[in-house]
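Welcome! Have the sequence and the model open side by side, and let us walk through them together, one stop at a time.

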Amino acid sequence: MYISFFGLRCKPFELVPDPGFLMLSKAHKRALIHLNYGIAEHAGFILVTGEVGTGKTTVIRKMMKGLGSDIKLARINNTRVTSEQLISMINEDFGLQVKGKSKTEMLSDLSDFLIGEYARGGKSMLIIDEAQNLSADLLEEIRLLSNLETDKAKLLQIILVGQPELLKVLARPELRQLRQRISISCQLQPITREETEAYILHRLEIAGNRQAVRFQEGSIDAIHKFSRGIPRLINIACDFLMLSAYAEETKEISLHFVKEVIGEIENSHGYWHDVSVQEHHEPLIDRDTLQSLLSRLELLEASRHKAEISRAEREDLLARLAEVEKRLDSVLALLSKGNDGETERDRHDPALSREIEVLRKRMAAFEKKLSIKESPELKRKNLWTRIFN
């Protein structure tokens, strides 16, 4: 409707995950690097998590565009299925016949297919989106699929993509074998205020006109505050803003205009209402939260190279470890002050406190290892630096 008015070729803020519009923020770039590295190294399991609307699917589609012709790909989006339905969908996406076959027959067909692809020099990859909906039993079955391997390589590479709830599922004791097999893990974070501005201008430019509208002082700040750095919500806000600007026949977006439009969006949809309720009424102090933190730490430890680790990789792991520590600090803060007016004495759990302290020590030990571990190549480089400096 407003495309010609703003001199655009297409709508800049569609909600479809179009990789052509992907702006590589720091978080998205890191996720893409992790994915490409995991694929190149043929890691057995890769894990990608992030809040709703952070761009997980867009990043996955961007990665898929760069896959070589030697990779056979199956992608599953519907994860509210039974075990037999899951195997059937995987086989069907690989182009295998499934009609009238039992689960045992389908597993046999899948095994033969993967062996055949490997024998021809090809690779097979399975991407499971919305993996947070999978039960622990289904995740265990997926782990068993990764047992299909030769002496030197995995026959099937598996990428799990899901919301942060997936980490809680993976934290369950019965899934510890699966956790240990996840060698590459990345978590998409919301984008910053500066990245929000760059994101908006980037999408306008891709759509055909970077100067389609002029954002007055404070307007970008208001958009970022509303969206909390979630790209999907930035798209929703900006689409409404451009439609409203078109109706007003203006190309100026003022702070007052943004507040008015965002107010209407919130009244109609209340995107953050459920989150606000959760923040005020669901205490974060429980063993699920602690187990989730422990799971995250185990994934970090598993992603560290056993033999060598470069400076860039070490710095990245330390940054991700800091994210875990930040979450742990929030748990400790709540433990000290309590929720809903309860005192520390009312909520204090000595056993939980001991578990938190053990986790803290483990994190400190891991951080120390990362800080001092250097590859032989890096040690030689540091040696020459010391000699000539």
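Two strands are said to pair if DSSP finds at least two bridges between them. With that in mind, and remembering that this is a predicted model, look for strand β3, residues 123-128, which pairs with β4 in the parallel sense over 4 bridges. Within this pairing, isoleucine 128 has leucine 160 of β4 as its bridge partner.

Stay with β4 for a moment. This strand covers residues 157-162, and 6 of its 6 residues are buried, so β4 is largely enclosed by the rest of the structure. In a regular strand, side chains alternate between the two faces of the sheet. You can follow that here: Gln157, Ile159 and Val161 point one way, while Ile158, Leu160 and Gly162 point the other way, and all are buried.

What else is β4 joined to? Strand β1, residues 45-50, runs parallel to β4, and 5 bridges join the two. Valine 48 is a good place to look, since this residue stands opposite valine 161 in β4. From β1 we can also step to β5, as 6 bridges join these two strands, which again run parallel. Valine 48 turns up here as well, with cysteine 186 as its bridge partner in β5. Strand β5 spans residues 182-188 and is mostly covered, with 6 of its 7 residues buried.

Now go back to β3 and step into the loop between that strand and α5 (136-145), where you will find aspartate 129. Is aspartate 129 buried or exposed? Its relative accessibility is 4%, and buried means under 20%, so aspartate 129 counts as buried. Its side chain makes a polar contact with the side chain of arginine 75, at 3.3 Å. Leaving aside residues up to four places away in sequence, aspartate 129 touches Thr57, Arg75, Ile76, Asn77, Thr79 and Val161. Val161 in that list is the β4 residue that valine 48 stands opposite.

Our next stop is leucine 15, in the segment before α1 (26-40). Leucine 15 counts as partly exposed because its relative accessibility is 49%, and exposed would need over 50%. Which residues does leucine 15 touch, not counting those up to four places away in sequence? They are Arg232, Asn235 and Ile236. Leucine 15 and isoleucine 236 are 221 residues apart along the chain, yet their C-alpha atoms are separated by 7.5 Å.

Arg232 leads us on to a pocket. The second largest pocket has a volume of about 420 Å³. It is lined by 25 residues, and the closest to its centre are Pro17, Gly53, Gly55, Thr58 and Arg232. Helices α2 (56-65), α8 (193-207) and α10 (231-247) each supply at least two residues of this lining. By character, the lining residues divide into 10 nonpolar, 8 polar and 7 charged.

We finish at helix α9, residues 219-227. Here 7 of the 9 residues are buried, so α9 is largely enclosed by the rest of the structure. The buried ones are Ser219, Ile220, Ala222, Ile223, His224, Phe226 and Ser227. After α9 comes arginine 228, which has a positive phi near 55°.

Key:
Residues numbered from 1 in each chain as written. Predicted model: local features only at pLDDT ≥ 70, side-chain atom pairs only at ≥ 80, totals over all residues. Heavy atoms only, no water. Buried < 20%, exposed > 50% of the residue type's maximum accessible area, 1.4 Å probe, protein only. Contact = heavy atoms within 4.5 Å. Polar contact = N/O pair within 3.5 Å; in protein donor to acceptor, adjacent residues only side chain to side chain. 1 Å grid on protein atoms, 1.4 Å probe; cavity = no way out; pocket = protein on both sides within 12 Å on 5 of 7 lines; lining within 4 Å. Points joined across faces, edges and corners; volume = space filled by probe spheres on them. Nonpolar A, V, L, I, M, F, W, Y, C, P; charged D, E, K, R; others polar.
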